[in-house]
Each structure stands twice: as structure tokens, then as C-alpha cells.
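Please look over the structure shown below alongside this report, which takes up a handful of local features one after another.

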Amino acid sequence: MKTMMQLPGSMPTQRLIMVALSLLVILFIIGMLLMSQLNLDFSQKAMSDLRERQITDTFHANLDRINAHHQKMEQNTVGLARTGELFQRLRLRDNIDAVQLQTMLRQALEDFPEADGSGIWYEPGAFAPEPVGVIAHRQGSEIRTARANAEFVDREWYRTLIESPGGNTQPGQARDFHWTAAYFKRRIDDVVVTLTTTMSDTSGRRIGLVSTDWRADDIIRLISRVEVTPGTFSFLLDSENRNLSSLSQAEDVERAQQLIEAISTARLQQNPPVATSGGIAAAIAPMQREPLVVAGERFALFHARTQAGMVFGIGVPQAEIDAVLTPMRASNLRIVALIGSIVILLSALILFMVAGTLRQLRNLYTDPLTQLPNRERLLVDTHGHQCASLILLNIDDFKEINDFYGHQCGDHVITTLSARLLEYLQQQPRERSGQLYRMPGDELAIWRPDQDDLTELTGLAEHLLEFVGAVHIQWDEHDITLHASMGLASTQLPGDDRLAPENLLTSANIALKHARLAQVSFRHYDPADRVRENYQHNLIWANKLKAALEENRIVPFFQPIMNVATGKIEKFECLARMLDERGEPVSPALFLPVARKIRLYRFITRQMIDQSLRWFANNQYEFSLNLSCEDLLDPELHEFVIQRLQDRSLAERMIFEILESESIENYEPVRLFIDRVKALGCRIAIDDFGTGYSNFEHLMRLNVDLIKIDGNLIRQLDSDANALTLTRGIVQFARDLRLQTVAEFVHSPAVLAQVRLLGIDYAQGACIGMPANALITQIVLAETAADPQEDASPKPHV
């Protein structure tokens, strides 16, 4: 058996949709998180770059400040060297003594407040035969000078500097400088860094050295001006990796010592002191950045060589660099958490709603009782199969099962039969297979896609009847035996005709109704029955009837009723006619049956009552109106009639004709209506008397005043002895009950003559007058026989 196509309501598709939606939601959330992370990373990088540029700018600003100080020291040292060279030349020319040299040195130190000390050192023979050295240093606010011991010429530092590479310096050439490592100087009892350069005579021969001292405390004060973050520290490493740091002024001595040791251990100063020329360092390196971890605390270390060949650096706590990012990260986290929560809630709501919609879709295509596909699913499945057949199975007398055992039993019968039929169909070979559907009420459908062979369809129907008849269902210890009627439809019709697949269900319905009407177990749909044409006819006339009611085109026509004894017109029967759009009357045979089917009959009755009362309000004729069984059982119509008959003169001339041919099962409301209208003066007639089997019951229960003898008897009075005998009996019976009689369908003078002979009170028919839209009060009796069918029309209101 073929598998049904998957619809949104089917369980596999429902799961697939939910999984797909869930994956989309997850991907959306992941994408949102990735986008948020990328945005955060971009923002952090931008902020980090900005922060690093700020730190770099601060670093270079301080480096430039240190280099500017170095350059100033070098410039002043150069000035001091020129002064020493000048004194040497003056000494040779004017024999100036060393005392004047001390005065000059004091003045030079006063003019250079950044230096803490200075010295001029001459080689033997340059200033005097012996080596001459003059020094000056600050002592508080004073500057003290002194002659240096001549032994300086033998000191290692002096010999190293005086003999350093570079040769003699010619006048006008750039000088070489040498910055010493930090060392302790006893004379001033402090740590200093000394800047030295050589002196030369006019021939470029070295004649000695000049030196300038820079106190370590001044160095520390200079670099301590660096401000980046609260935890930033600065340092300056001399040529021997000695650390002159702002950490020396820190309150946390232990932490400061750890940092100093860590910087020293890092060996940032790898090269020996570098000689410089012309104030420009020969080996100034670009700024470098590297991480530093001390006691678990991370630092970003920025450092570079100064003009003096030292290493200047700052250490910035990484936490303080990242501090500017923390609010951004916190804000991003809050935003992501908020948006993520909203997205998750909305996604959960959407998934819940989609799941509910899918459940509804599934319920739309699934019968809740049997869980079988339902009628809507069948309509969907029948599309797209040009070759198919359908069996519509209806359980016989299912209403009686429901009424006797209850609806729970009915549901049990449906579910049990559905389960067994489904199992039966699944076990059958292809020619007897099919897909089972639950239809409304007590019907099941078996659809056979791609199978339309009429022989196979008939065989399956016969087997299904046999199978259903063998199904026994237990309910409250009662055995319930089932029987079924079936309607069969196939896209293959007798001959070469084809039926559209979308018409299978309606065609099977038609076939099922015909099977019930014919009291057979099943029937094939056959277009030759012209049922569809009848349906189309009913639909067309239903629309026409509705339009006529809305436009008041339902009007009474009046057929005269003659007093047979006097030959005068005394009564009229009001018959309903519909006028078409051109005002032409339409036969009631075309619209009254449709009115019954679509429940518009009561509206026709009301319009007939209203218009008939208006017609006879200003004359003295009696008039009659036909009422169907539906009219008699309608309490709203009862009240409508009572309200319209408040004029007793009208009520006493009005006759309600009750169709004897219609079965009346509930006499109580009918008798209540009759009693109420007779109390107003109306009379009651039995119409078509002689056609049914309940004549005498009607007469006894309904308290009638007139009997209208059925026209099928009257029209044969001149030709059928049996009709004459029956009519004579009815007339005699009416006389005995003191009831008046009316003969219908008097279509010829011969029939009218028989009516007179029988003593019937009143007559109506083609011989007397046909229905018209005006009151015919004069009679011209026809001399020739009329068509006995010409006034035969459907009842009532006709």
C-alpha cells in the first residue's frame, strides 16, 4: 500500500519542522554570540590600541625628556671641555695657575644646576709637568672646589677613558661621550652617574678629560614624573644593569623590591656602555614591549635605550590597562544577557506557538477519535491522482445504536470497526488494498490511489460487506452485529468517460444515497442517473427563490371555487407563484420542492398569509390557504397567524387546508393550532382526502369542517366506475359527519355533471377557472373537456 504524502500536520513532518526551527534558533543565538564577541573583540582591540598609543605617547614623551636632559648634560660637558682647553692654551701663553681653574669650574657648576659635580683632568705636560685635576661639587647650597690628587692619572677609570678608541679630536669635530654606570662617590657620599668627554689641544692631541656628575636621586626624581596609571612605575638601567627606579619611593617596600629584582633579572641592558658622538646615540633602539609577571601580577613592560645608552622603561599593570575594557565587557555581557534572554523567551514562545499550530494542523487532518486521517486529508490526497477510486462506507442503523446504547457505545463501535478495517486492508493484496479515512458521523472512506478498475472495486466492496458483517462487537455483555451500505466511485466510468479525482467524494456520496434509496448494499456512481444535473438545478432554483423572497416576488394566484348547487363563485384557493425577473409566473413545481429542502418554505407561507389577507380584506369572499406539516409544527408561525387574524370578519372567511397526504406524527401541536384559529372563527379543511391511510384518524383528531376530495378520484368520475364508487362513499361519509365536500380537478363538464349527481357541495378545476393573479367571479363553463393534467400541480400553495 502506498504511503500517504506528508502534510504539515503529520507527525514526522511536525518533528522535522520543530527540529529545523530549534536549529535555526540555536544558530541564531550562536551567531548573535559570535557577532557580540567579534564586536567586543574589535572594540577591545580598538580600545587597547588607543590605550597603548596613549602609553606609547607618554613613554616617548618621557624618553624625550630624559634624552633632552642627557643632551643638556652633554652640551654643558662640551662647554666645560672647551673651557678646559681654553685654560690649557692660556696656561701655555699666560701661565695661569690652577686657582683660577677652580674659580672657573665653580662658575661653570653654578651655571649648570642639573649637575651635582664636575671635574677637569689634565694629562702630565698638558697644564703642568705633573698631572693636574680640579674638581667641584655641591655641598648643600654651596659649591666646593679642590685640587685632585695627582694619582688620578694612574686610576683605571681614567686610563680607560683617556685611552678609549676614537683618537685625537680635531677642532670642530664632534666629541665622544661616555656615561658611566651608577657608582658611589665618597667625596659627596652619594651615588652618581658621570658623563665624561676628552679635551684636545689645537693639534687634536688628547690633553685630558672633563667630567659631570648626575646624582642618582635626581635621576629617580626625573623618571618618577612618569604618569600613566596609578600603579605605573618607571626605571632607568645603567650600562651595568643597575636599576634607578621610582620604586625606591614606593610605600610597599617588599613589592617594590620584587619589581626591581624582576627588572634586573630581565637583563634589558645587554650591551656595555655605548660611546656617543655629537650628542646622538650610536645605538638607540626602538621601543620594545614585553610582559612581566611578578608575584602573580602581570605587567606590560615598555623600554628603550636613551641617548646616553641607558635603558629607560615603564611598567604598567595589565589590570590597569584592561580596566578601561572592564566596563565595556560588563556592558557587553549585560547586553548579551538581556538580548539573549529576550531571544530565548521569544524563541520559546515562537516554538510553543508553532508547536501548537502544528498540533492544530495535525488535528485538522486527523480524526481525534480513531486517529485516522479525516475528510480534509482525503480531499488533499485525492488531488494529483488521475487514476483512483473511492468507497464510502456507512454503518446501517447507527443512530439506533447511539440512541439505545449511548454515544459511548457508538464511539466504541466506530473505533473498533476502524481498527479492524485498517488491519484488514493492510493484510490484503494490492487489488483489495486501500487507505482508510474517518468521515463525519458514521462513515468511513477507503481511497485506492492509482487503482480504478471497476471489477476490482466491486470485488473489494463485496469482501468489505462480508468482513463488516462478520465483525461482532461487545458492549455491556450485548453482541452488536454491524451491516453497512456503500457508495462506490471511480475515475474510470462506464464507456470511455473519466471522472475528475476531486469529484470522487461527491460521486461516492451520490452513489451511497442511491444505494440507500434502492435498499441495496452498494452502488456504483453512474453519470446516467443525472444526479449532478438535479443538484445543479436545485442550486440554481435555490438562488432564484432567495432572490424572489428578498424582492417580494412570491405572490398569490387565486383559483375560484364554485357552489355546485347555485353555480356561483363563493370561495378562492390562494396558490403561491413566483414571478421571474420579467414578471412572468413560474410553475410551483420548479421552486416549491427546493423550498422544502433548503428550509425556506415557512417564509413562503408568511408572504402568502400577508398578501392573501390584504387581498380579501375589502370583499366578502371566503379564501383558503394550504399548510404543510412543517407549518403546523412551527410555533413561530402559529404566533404570526394569530397576530394577523385579529380582524374577526377576515378570520371567519379564512380556511386552512391541511394536506392529508402528509404524515402527521405529533397531533398535539397541530390540534393546539387548530383550536386557536377556530376560536377566532377560522375553519379547517382536509386536502387530498382519499390518498392516504390515515383519513379517519385525521377527521377524529383534527376537528375539520371540510373535506377536499383528492383530484385523482375526481378527474376519473366520468370514466372509472371504481373512482365513482369510492367518491360516492366519501360523500356519504361526509354527510353523516355533517362535513362539507369540495371536488378538486373538475376539468370537464362531464366530470362536473357527475359531481352534481353525487351531491358534492363545491367544485374547482379547469372547467370552472384556472388560478390567476385576480379574482375571477364570473363562470363560463367549458363545453369541451380540458386536459385533466392542466391544473395538476404540487401541493401545498398550488
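## Glutamate 123 and its partners

In this predicted model, the side chains of glutamate 123 and tyrosine 158 are joined by a polar contact of 2.8 Å. Glutamate 123 is found in the loop between β1 (117-122) and β2 (132-139), and with a relative accessible area of 16% it counts as buried, because the cut-off for that class is under 20%. Leaving aside neighbours within four places in sequence, the residues in contact with glutamate 123 are Ala128, Pro131, Val153, Tyr158, Arg159, Ile162, Arg206, Ile207 and Gly208.

Among these contacts, arginine 159 forms a salt bridge with glutamate 123, and the closest N and O atoms of the pair are 3.3 Å apart. This salt bridge links distant parts of the chain, since glutamate 123 sits in the loop between β1 and β2 while arginine 159 belongs to helix α3 (residues 156-162), 36 residues apart. Arginine 159 also forms a salt bridge with glutamate 163, where the closest N and O atoms are 3.1 Å apart. The three residues differ in burial class: glutamate 123 is buried, arginine 159 is partly exposed with a relative accessible area of 24%, and glutamate 163 is exposed at 55%.

## Other salt bridges

How many salt bridges does a search of the whole structure find? The search finds 29. One of them joins the side chains of arginine 602 and aspartate 634, with an N to O distance of 3.6 Å. Here too the pair links distant parts of the chain, arginine 602 lying in helix α15 (residues 601-615) and aspartate 634 in the loop between α16 (629-632) and α17 (635-644), 32 residues apart. Arginine 602 is partly exposed, with a relative accessible area of 35%, whereas aspartate 634 is buried, with a value of 7%. Elsewhere, Glu573, Glu657, Lys708 and Glu744 are joined into one network by salt bridges that share partners.

## Glutamine 102 in helix α2

Glutamine 102 lies in helix α2 (residues 98-111) and is buried, with a relative accessible area of 15%. Its side chain makes a polar contact of 3.1 Å with the side chain of threonine 145. When neighbours within four places in sequence are left aside, glutamine 102 is in contact with Val134, Thr145, Ala146 and Arg147. Glycine 133 is 31 residues away from glutamine 102 in sequence, and the C-alpha atoms of the two residues are 9.6 Å apart in space.

## A five-stranded open sheet

Five strands form an open sheet with antiparallel pairing, in the order β9-β8-β13-β12-β11. Its edge strands are β9 (243-245) and β11 (288-294), each of which pairs on one side only, and neighbouring strands of the sheet are turned against each other by 30° on average, direction ignored. Strands of a sheet pair through backbone hydrogen bonds, in either a parallel or an antiparallel manner. In this sheet, β11 and strand β12 (residues 297-305) run antiparallel and are joined by seven bridges. Valine 294 stands opposite glutamate 297 of β12, and valine 293 has arginine 298 of β12 as its bridge partner. The hairpin of β11 and β12 has two residues between the strands, and in this hairpin alanine 295 takes a positive phi near 55°.

Two helices lie across strands of this sheet. Helix α4 (residues 216-223) lies across β8 (233-237), β9 and β13 (311-317), running at about 55° to β9. Helix α5 (residues 253-266) lies across β8, β9, β11 and β12, and runs at about 135° to β11.

## Helix α11 and what covers it

Which residues of α11 are buried? They are Leu457, Gly459, Leu460, Ala461, Leu464 and Val468. The elements that cover these buried residues include β14 (388-395), α10 (407-427), β16 (443-449), β19 (484-490) and β20 (522-524).

At the start of α11, a side-chain oxygen of aspartate 453 reaches to within 3.0 Å of the backbone nitrogen of threonine 455. The length of the helix can be checked by reasoning: at 1.5 Å a residue, the 17 residues of α11 (residues 454-470) should span 24 Å, and the end C-alpha atoms are 24 Å apart, which agrees with that expectation.

Technical notes:
Residues numbered from 1 in each chain as written. Predicted model: local features only at pLDDT ≥ 70, side-chain atom pairs only at ≥ 80, totals over all residues. Heavy atoms only, no water. Helix = DSSP H or I, 4+ residues; strand = E, 2+ residues; numbered from the N terminus. Expected span 1.5 Å × (residues − 1). Buried < 20%, exposed > 50% of the residue type's maximum accessible area, 1.4 Å probe, protein only. Contact = heavy atoms within 4.5 Å. Polar contact = N/O pair within 3.5 Å; in protein donor to acceptor, adjacent residues only side chain to side chain. Salt bridge = Lys/Arg side-chain N within 4 Å of Asp/Glu carboxyl O. Pairing = 2+ DSSP bridges. Axes fitted to C-alpha atoms, helices over the stretch in contact; angles between N-to-C directions.
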